Structure formats: C-alpha cells, structure tokens
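Hi everyone, thanks for coming. I'd like to walk you through one structure today, so let's bring it up on the screen.

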Amino acid sequence: MSPTPTSMSDPRVPASYSWEATDEEVARRYRLPVESIVRFDLNTSPAPPAAVARLLAAGRFETSLSEYPPSDYRRLAAAAARVYGVPAEEILVGAGADEILDLVAKAFLGEGDQALIPTPSYAMYRVLTEQRRAEVVAVPRLGPDGERALERAAVRAAARRAVVVWLCNPNNPTGRLEPDGLIKGLLDDLAADAAADGRDAPIVVLDEAYSEFVGRSLVGLRATYPRLIVVRTVSKAYALAGLRVGFAIARRETLARIEPYRPPGSVSTVSVSIATEILDDPDSLTDNLGRVAAERARLVDGLRTAGWHPEPSVTNFLLVPFDSAEAAARVAEALLREGLVPRTFPADHPLANSLRLTVRDQAQDDRLLAAAGSMETSR
Ligand SMILES: Cc1ncc(COP(=O)(O)O)c(C=O)c1O
C-alpha cells in the first residue's frame with residue numbers, strides 16, 4: 001500500500017507520484033461494497049458546494065462545449081483576481097495546482113540544477129524536480145517539538161546553489177502553518193545572499209493550497225520578492241478537486257517565464273464556468289470552512305478519546321503518529337479492512353510512523369472513530 005518508486009529497475013525513469021489503493025481495489029481485497037469505501041487519504045471534501053448542482057443542471061457554460069475554452073481563461077482569471085486581491089494579469093490558470101507546479105518545474109529547472117525542499121512536504125515537489133533531472137536538496141523540518149517548522153538558517157545555508165525553493169504553507173502533510181514572519185525572513189535571507197553572490201535569487205514557490213483554512217496568504221510578498229510564485233487551488237477549501245482548477249500568482253515578468261510551457265486548453269469549459277461562479281460566491285467557501293473547522297474539532301476529540309494523538313492542524317487533515325512504522329502499518333491495515341483509506345508513508349519516509357487522515361463528514365468520520373475505538377494497538 002505504501003508508495004513505491006517506479007524507478008527501481010531503470011534509473012532513467014524518475015519515481016512517480018504514488019496513490020493509495022483505489023476504491024475498487026480496496027473493495028475487492030476486503031470484500032466490501034465499493035460504495036462503502038471512504039477516502040481519508042486525499043484531503044478532499046465529502047461534497048461540492050450546493051451551488052454546483054444548480055449550475056450543472058442549468059447547463060449554461062461560458063462557451064459552447066463544441067469549442068475550446070477561452071485561451072486566456074479571462075473570466076476565471078478575473079474572478080480569481082478579485083478573490084486573491086491581485087491584478088488579473090498576475091494570475092495564470094492551470095489544471096489544478098499540480099499543473100502549475102509542473103509548469104514551474106519545466107520553466108525553471110534543468111539537468112543538474114538544485115531544488116530545495118524542507119521535508120516532509122508535498123510529494124510532488126520531489127517528483128517534478130527529479131523529472132527535470134534536477135537534484136533535490138532536502139532540508140529536514142524541525143520535529144514535533146519544533147512545531148515541524150522549516151529551519152530558516154539550515155534552509156538558507158542549503159539554498160546557496162538552489163534554483164528553486166519549494167515551500168508549502170500550511171504544510172502538507174504536517175497540517176501546520178509556519179511561525180509568523182518566518183517565510184518573509186527567509187525570503188529576505190535568500191535575496192541578500194543572491195545579491196552578495198551576484199546571482200539571481202531562487203524562484204520560491206509558495207504553495208498555499210490550504211491557505212483559506214487559516215484565512216491568511218503571503219501573496220503580497222511578491223511586491224518585495226519578484227521571484228515568488230504563490231500557488232492556489234479550488235480543490236481544498238472550495239471542495240472542487242474534481243474540477244482541476246488552480247492558479248499561479250506572481251509578478252508579470254515571472255509569469256511570462258512560465259507561460260510558454262502552458263498547454264492549450266488544459267482546463268475544461270465546464271470547470272472554467274463552475275470555478276468562476278463559485279469563486280464569485282463567498283458563501284460556498286465560508287460554508288465549507290465552518291463545516292471543516294467544527295468537524296475537525298469533533299474528530300480530534302473523538303480520536304483522543306480512542307487513545308490516538310493527532311497533531312495540531314489548521315487544515316482539513318490530521319497527522320496522527322503511532323509508536324512505530326509497524327504500528328502505523330497495522331492501524332492502516334485495520335482501517336482498510338473497514339473500507340477506510342488512510343494516507344500512508346513509505347518505510348524510508350520521516351513520517352513512516354504516522355498516518356494522514358482527511359476530515360470528512362460526520363457520518364464518515366464516525367466510522368473512523370468507531371474503527372479507532374475498537375483497536376487495541378492505539379499508539
Ligand atoms: C500542498 C498541495 N499542493 C497541491 C496539491 C494539488 O492540488 P490540485 O488539486 O489543485 O492539483 C495538493 C493536493 O493534495 C497539495 O496538498
């Protein structure tokens with residue numbers, strides 16, 4: 001079940017992103033009805049905003065489905081610009097944050113370049129770096145006692161040759177926000193070192209996929225750090241992962257470096273139309289934020305009662321450590337038997353002793369709580 005690199009046999013093939021088992025695989029393996037499987041591994045919401053059903057039923061999309069979507073996704077970019085408080089020309093639309101991350105890697109990373117990742121973080125940063133035949137410089141985050149924050153001095157020292165620095169705030173899979181001022185301070189350090197060395201500062205990707213959950217964004221820092229690229233998505237807080245809509249927000253000259261790699265029409269007309277409407281409807285967002293916050297508190301309480309120790313989280317997922325990697329694997333297996341799919345980490349991962357669990361709805365989370373309560377191997 002744990003992610004396995006596909007590059008074992010052929011070193012020229014980079015490791016790919018690895019998913020947990022599909023609903024069908026879990027259903028087959030444990031003889032369960034496929035409809036009973038619940039995904040606790042993907043940090044998604046159990047249902048899209050209510051307005052989506054109405055929009056789909058109306059069937060009126062921005063342009064006819066016989067045509068390609070507008071090449072510049074202009075209405076969607078304008079809606080995103082209003083929501084994020086930036087000019088529309090500083091927005092680039094992509095097929096999810098993942099496509100944006102891919103375009104950034106294509107635009108800025110080449111063979112032998114270095115890209116820095118405070119680890120653990122979102123798995124795609126490593127995958128995309130290695131696909132460009134660039135080198136990952138992994139700088140461990142401070143551990144549980146250090147709030148799993150990135151270590152500013154260590155990142156600064158390791159970034160001296162970095163072309164790209166991948167940051168994620170709040171961070172997946174740790175579910176925490178970096179301490180106040182840390183990222184700004186790091187950007188200042190990186191700019192000062194680059195100036196002293198007489199080179200360009202690294203491109204800093206600041207992945208804010210979960211930022212709505214804390215209502216804070218560092219998008220304003222692009223004014224002082226022109227090589228900052230902020231990444232946003234409608235997949236998480238807006239509960240629209242299936243649409244595949246994400247954004248890069250950066251200064252025009254930086255976006256201009258990425259745009260040549262943009263494929264034509266990667267975001268469907270249906271997705272463009274629905275995302276535009278939902279971004280313009282603040283209630284859709286606030287409803288889900290309120291729901292997630294309340295349900296997260298309930299789930300944390302319930303897991304604690306079951307003897308588990310979820311770490312603090314500002315996001316729609318929880319990181320839950322167990323005594324050992326073997327204990328985490330046993331718990332994962334017991335959950336799968338109930339049709340509940342956790343996110344696991346491979347044996348060589350710093351979080352091998354942990355599971356990541358999405359906050360879902362009450363009924364689904366109650367199944368998780370019942371399973372947790374019935375396990376002896378709680379920690
Ligand atoms: C930190 C982070 N960035 C990006 C993504 C991908 O987002 P999208 O669905 O917009 O491609 C995820 C999805 O889990 C994520 O956790």
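Before we look at the ligand, one term: by a polar contact I mean a pair of N or O atoms within 3.5 Å. Please also keep in mind that this is a predicted model.

So, which side chains put a polar atom that close to an oxygen of the ligand? Let's go through them. Thr233 has a polar side-chain atom 2.5 Å from a ligand oxygen. For Ser235, the distance from a polar side-chain atom to an oxygen atom of the ligand is 2.6 Å, and for Lys236 it is 2.8 Å. The ligand on its own would expose 400 Å², and the protein buries 94% of that.

Now let's widen the view to the whole shell. There are 14 residues around the ligand, and the ones that come nearest are Ala97, Asp207, Tyr210, Thr233 and Ser235. Sorted by class, the shell holds six nonpolar, four polar and four charged residues. Which helix gives the most to this shell? That is H4, residues 96-108, with three residues.

Let's move on to helix H1, which spans residues 23-30. Which of its residues are buried? Val26, Ala27 and Tyr30. These three sit on the same side of H1, because they cover an arc of only 100° around the axis. That fits a general rule: an α-helix has 3.6 residues a turn, so residues three or four places apart point the same way. The buried residues of H1 pack against helix H11 (325-337) and strand E10 (340-341). Just after H1 comes Arg31, with a positive phi of about 55°.

That's my tour, thanks for listening!

Technical notes. Residues numbered from 1 in each chain as written. Predicted model: local features only at pLDDT ≥ 70, side-chain atom pairs only at ≥ 80, totals over all residues. Heavy atoms only, no water. Buried < 20%, exposed > 50% of the residue type's maximum accessible area, 1.4 Å probe, protein only. Helix = DSSP H or I, 4+ residues; strand = E, 2+ residues; numbered from the N terminus. Arc of directions from axis to C-beta. Contact = heavy atoms within 4.5 Å. Near = heavy atom within 4 Å. Polar contact = N/O pair within 3.5 Å; in protein donor to acceptor, adjacent residues only side chain to side chain. Areas by Shrake-Rupley, 256 points an atom, 1.4 Å probe, with all protein chains shown as cover. Nonpolar A, V, L, I, M, F, W, Y, C, P; charged D, E, K, R; others polar.
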